[in-house]
Amino acid sequence: MITSFGGPHVFALDEVHEPVPGPDAAVVDVTLAGVNYADVARRRGVYEKPELPAILGADVVGHLRSDGRRVAALLRTGGGYAQVAAPLRRYAVDVPPGVTDEQALAVLEQGLTAWHCLQTLGRVGGDDLVVVTAGAGGVGHLAVQLARWAGARVVALASSESKRAYAVELGAHAAVDSNHPDLGTAVRQALGEAPTLVLDGVGGRTFEQLRAALAPFGRVVTYGEGGSGAVVAVEDLMTASTGVLGFRLQRVLDDEELYRSGAARLFHLAGRGLLRARIGGRYPLTAVSRAHADLESRRTSGKLVIDVRKLH
């Protein structure tokens, strides 16, 4: 838990009372908890600032105490970095037998973001030329696979040669150095023409260059904290005939049918081996601070998970 906001060092292991579920919540004995960039922002106190002391962690997988069913669940107010959690029942989704705990955890939170950015907002189709930023990251590596599954041509951006190779292994037609001084030109060359859809979780210079590189009637879907602070002139969008859309997973959580249908589709694809989540690191509960430090350093790829049953 944390008792103050700041760097990864603010985490401390403590023993607390089990959460008392409300009438719409369930008790889950947690096996794994996920680590997300939103958790980092909450720890710093710059996003959905929690009341202190706070147990962070927005996604878990485990077993319902009531009947033993294996479920994955999202937690709107945190509480995942613990051995027991109390998610709302509407956010607890049964995990099929063919999907491991690690895959279920990675596919649910990051997968829902990738799915709805591509499908619900991006309206991806077989004719699309798609650019995925952070193509080896938690959302990005799933988005590469889902865009390919939809029939699109895909270019992934990544900062290292090994990450770019991994994105190509997942199905990207090409990978581009995210530090390239002229991303727009590099992406156009990799695709053979201008992109029609960009998924951006980075923001800043990357967002601006990729937006400028869009084909007429193309669109950027920006998600996470990366796009915060970006200002886009409506006149520029009109002149280029392009669009910018924003995504926050909270809006999906407001619609139970949208949430459950997306989760079911993702678990179905994972169970058939058509969607493979990469586990970038597994940490004991005592090493949450190290997991956060690794995530912030961009040294990792894929999903980071906390084994809450393991203390060392």
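Buried here means under 20% relative accessible area, and by that yardstick Phe 11 and Tyr 81 are both buried. Keep in mind that this is a predicted model. What follows is a quick tour of its aromatic pairs, of which there are three, then helix H3 and the nonpolar cores.

**Phe 11 and Tyr 81**
- The ring centres of Phe 11 and Tyr 81 sit 6.0 Å apart with the planes at 55°, so this pair goes down as tilted.
- It's a link between distant parts of the chain, with 70 residues separating the two partners.
- Phe 11 comes from the segment before strand E1 (28–35), while Tyr 81 belongs to the loop between strand E3 (70–74) and strand E4 (84–85).

**Trp 115 and Trp 149**
- Here the planes meet at 40° and the ring centres are 5.9 Å apart, so we have another tilted pair.
- This one ties helix H2 (residues 101–121), home of Trp 115, to helix H3 (residues 140–149), home of Trp 149, and the two are 34 residues apart.
- The partners don't get matching cover: Trp 115 has 13% relative accessibility, so it counts as buried, whereas Trp 149 has 38% and counts as partly exposed.

**A charge over a ring**
- Tyr 166 has Arg 278 lying over its face, 4.0 Å from the ring centre.

**Helix H3**
- H3 is mostly covered, with eight of its 10 residues buried.
- The buried ones are Gly 140, His 141, Leu 142, Ala 143, Val 144, Gln 145, Leu 146 and Ala 147.
- After H3 comes Gly 151, which has a positive phi, near 95°.

**Nonpolar cores**
- The largest nonpolar core counts 52 residues, and H2 is its biggest contributor, giving 10.
- Which residues have the most contacts inside this core? They are Leu 108, Leu 118, Val 130, Leu 146, Tyr 259 and Phe 267.
- Leu 146, one of the buried H3 residues, touches Gly 111, Ala 114, Trp 115, Leu 118, Leu 266, Leu 269 and Leu 275, leaving aside residues up to four places away in sequence.
- Trp 115 therefore turns up twice: as the ring partner of Trp 149 and as one of the residues that Leu 146 touches.
- There's also a second, separate core of 28 residues, with Ala 54, Leu 56, Val 71 and Leu 285 among them.

How values were computed
Residues numbered from 1 in each chain as written. Predicted model: local features only at pLDDT ≥ 70, side-chain atom pairs only at ≥ 80, totals over all residues. Heavy atoms only, no water. Phe/Tyr/Trp six-rings, centres within 6.5 Å; stacked < 30°, edge-to-face > 60°. Helix = DSSP H or I, 4+ residues; strand = E, 2+ residues; numbered from the N terminus. Buried < 20%, exposed > 50% of the residue type's maximum accessible area, 1.4 Å probe, protein only. Lys NZ or Arg CZ within 6 Å of the ring centre and 35° of its normal. Core = buried A, V, L, I, M, F, W, Y, C linked by side-chain atoms within 4.5 Å. Contact = heavy atoms within 4.5 Å.
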